[in-house]
Amino acid sequence: MPFKRIKRNYRITKYLIQKETTVDYRETFWSFTSSFLGMALIGYIQSLYLLPLENVFLIGSFGATCVLIYGAVQSPMAQPRNLVGGHLISALIGVSVYKLVPEPIWISAPLAVSLSIIAMQFTKTLHPPGGATALIAVIGTEHVRSLGYLYALFPVLSGVLILFVVAVLCNNMTQQRKYPSSLRSKKVKNIRLPLKLPRRW
């Protein structure tokens, strides 16, 4: 009996490790393609209207957003409500904090991030890159801070909409990916490992 139990545990462990470490090259291809296209579009539009030193359209939080909406398509935090709402709410909070409490930075920066988290939680729009969007409104370059509430529209909302459109187009080109995902509406109940694993394990 102990030997059978050890053998079964070994098969289960081997199954889980292989399942979690298997790389789907189609997934990685579409993650790369869509994220490259989304960021390239924002950068190209910026290059048409702004000088290289005024690269306000390419804010750092968009990089983290790409990881979610192109690399973790089914994540609840990558869905449109969270994507748009999280960035927009955080941008408005970040600008408001900078206008009300511009100094000292060790108060304004954490205040902007903390308030944006609470606001996203209350509005059910939690999107991790939103915290960076709020932070950039406070610690960004002088050009970014001079935008005021316009920052929430350009670059934040305009960039988010570009990334969203690319996500809808690229993430629905294969049957393996679907965006927006309907995963949120499904209730997952008591997931259990199968009692009998395939013989090859």
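Let's start on the outside of this predicted model, with helix α5, residues 105-122, which gives the most to a nonpolar surface patch: seven residues. The patch as a whole covers about 810 Å² and is made by Ile105, Trp106, Ile107, Leu111, Leu115, Ile118, Phe122 and Ile139. Take Leu111 as a sample. Leu111 sits in helix α5, and with a relative accessible area of 32% it is partly exposed. That value clears the bar for joining a patch, because patch residues need over 30% relative accessible area.

Now go inside. In soluble globular proteins, nonpolar side chains tend to be buried together. Here, the largest nonpolar core has 27 residues, and Ile69, Tyr70, Tyr151 and Leu163 are the ones with the most contacts inside it. Several helices feed this core: α2 (25-49), α3 (61-71), α4 (80-100), α6 (129-139) and α8 (150-170) each supply at least two residues. Helix α8 gives the most, with eight residues. For a close-up, click on Ile69: leaving out residues up to four places away in sequence, Ile69 touches Ala78, Leu83, Leu163, Ala167, Asn171 and Tyr179. Apart from the largest core lies another one, of six residues, including Val97, Ala112, Ala119 and Val138.

What about the cysteines? Cys66 is buried, at 8% relative accessible area, and Cys170 is buried too, at 5%. As for disulfides, the count comes to zero, a disulfide being a pair of cysteine sulfur atoms within 2.5 Å.

On to the charged residues. Side chains of opposite charge can pair when their charged atoms come close. How many salt bridges does the structure hold? There are two.

One of them joins Glu27 and Arg177, whose closest N and O atoms are 2.9 Å apart. This pair links distant parts of the chain: Glu27 belongs to helix α2 and Arg177 to the segment after α8, 150 residues apart. Their surroundings are worth a look as well. Glu27 is partly exposed, at 25% relative accessibility, whereas Arg177 is buried, at 3%.

The other salt bridge pairs Glu142 with Arg145, and here the closest N and O atoms are 3.3 Å apart. This one is local: both residues lie in helix α7 (residues 142-146), and because they are three residues apart there, about one helical turn separates them. Glu142 is exposed, with 52% relative accessibility, while Arg145, at 26%, counts as partly exposed.

Methods. Residues are numbered from 1 along each chain as its sequence is written. This is a predicted model: local features need pLDDT of at least 70, side-chain atom pairs count only at pLDDT 80 or more; totals for chains, interfaces and linings use all residues. Side-chain values use heavy atoms; hydrogens and water are left out. A nonpolar core is a set of buried Ala, Val, Leu, Ile, Met, Phe, Trp, Tyr and Cys residues joined through side-chain atoms within 4.5 Å. Buried means under 20% relative accessible area, exposed over 50%, partly exposed in between (1.4 Å probe, protein chains only). Helices (H or I, at least four residues) and strands (E, at least two) are DSSP runs, numbered from the N terminus. Contact means heavy atoms within 4.5 Å. Patches are made of residues with over 30% relative accessible area and no salt bridge: like charges are joined within 9 Å, nonpolar side chains (Val, Leu, Ile, Met, Phe, Trp, Tyr) within 5 Å. Accessible areas come from the Shrake-Rupley method with a 1.4 Å probe; for residues, only the protein chains shown count as cover. A salt bridge is a side-chain nitrogen of Lys or Arg within 4 Å of a carboxyl oxygen of Asp or Glu.
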